[in-house]
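Take a look at the chain below. Follow it from one end to the other, then read on for a short tour.

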Amino acid sequence: GFEVTATELALELRLAGIGFKISIDRIDQTEQGALLLDYKTGQASVNDLLAEPIGAPQLAVYLHGVDAPIAGLGYGLLSSDKGVNWNLISEQPGLVVKTGKTWDKISEKGDWQDVPWPDFIDFLKQQVEQLAQALAQGDASMRFTKEQDLAYSPSLLALRLPEVRAQFATAFDDEAMDLEDN
């Protein structure tokens, strides 16, 4: 059982001296605690929360706006032909649908082995604080692992990717020629 306690909850946060305005798409109250949800029309996965540095910090930012025990985090993936698909991570199995992950399974092995759920939530909050601190110190560099991550970037033209590709190709060609000469 759950109760929707908030939708489009607008909040103001202050992290590392920087003011942020956020809007939490949905908060459900369950017997285990709050479930924070973000709706997306594209791809999103709670797996991004498990990466270090954090791959998609939006859900982790929400943690700074909620003063309640957190039972889970997740995405409602909206599709015109499939409706809503849920991608969740939760402390207890009762919250997870078939596309979700429970913390007991995640913490059985790998980087998160034996890490308690509250420590994971604290880790996510710390990741957000570190990002805010980096911004406060002037680090505004764009980080991405694949060009596809930039598909909706408003600064795509400023990145001049075709020019960067050409420079890399020239550099590698020059390096190859140097190797052939030796």
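Among contacts between residues at least 6 apart in sequence, 50% join residues at least 24 apart. This is a predicted model. The protein chain has 182 residues, and 32% of them count as buried.

**The overall plan**

The secondary structure comes to five helices and six strands. Along the sequence, the pattern reads β-β-β-α-β-β-β-α-α-α-α.

**The sheet**

How are the six strands ordered in the sheet? They line up as E1-E2-E3-E4-E5-E6. The sheet is open, and its pairing is mixed. Strand E1 (2-15) and strand E6 (101-102) are the edge strands, and each pairs on one side only. Strands of a sheet pair through backbone hydrogen bonds, either parallel or antiparallel. E3 and E4 run parallel, joined by seven bridges. Look for Ala34: its bridge partner in E4 is Ile70.

Here are some of the strands with their residue ranges.

| Strand | Residues |
|---|---|
| E1 | residues 2-15 |
| E2 | residues 18-30 |
| E3 | residues 34-40 |
| E4 | residues 70-79 |
| E5 | residues 83-90 |
| E6 | residues 101-102 |

**The helix on the sheet**

Now find helix H3, residues 117-136, which packs on the sheet. H3 touches E1, E2, E4 and E5. Its direction makes about 70° with that of E4. H3 has 20 residues. From its first C-alpha to its last, H3 reaches 29 Å, close to the 28 Å expected at 1.5 Å a residue.

Which residues of H3 are buried? They are Trp117, Phe120, Ile121, Phe123, Leu124, Gln127, Val128 and Ala132. An α-helix has 3.6 residues a turn, so residues three or four places apart point the same way. The buried residues of H3 pack against four strands, E1, E2, E4 and E5, and against helix H1 (58-62) and helix H2 (103-106). After H3 comes Gly138, whose phi is positive, near 95°.

**A pocket**

The second largest pocket has a volume of about 240 Å³. Its lining counts 14 residues. The closest to its centre are Phe2, Asp28, Thr30, Leu35 and Leu95. Which strand gives the largest share of the lining? E2 does, with three residues. E2, E3 and E5 each supply at least two residues of this lining.

Notes: Residues are numbered from 1 along each chain as its sequence is written. This is a predicted model: local features need pLDDT of at least 70, side-chain atom pairs count only at pLDDT 80 or more; totals for chains, interfaces and linings use all residues. Side-chain values use heavy atoms; hydrogens and water are left out. Two strands pair if DSSP finds at least two bridges between them. Contact means heavy atoms within 4.5 Å. Axes are lines fitted to C-alpha atoms, for helices over the stretch in contact, and angles run from 0 to 180 degrees between N-to-C directions. The expected span of a helix is 1.5 Å times one less than its number of residues. Buried means under 20% relative accessible area, exposed over 50%, partly exposed in between (1.4 Å probe, protein chains only). On a 1 Å grid over the protein atoms alone, a cavity is a set of points where a 1.4 Å probe fits but cannot get out, and a pocket is an open set with protein on both sides within 12 Å along at least five of seven lines; lining residues have an atom within 4 Å of a point. Grid points are joined across faces, edges and corners, and a volume is the space filled by probe spheres set on the points.
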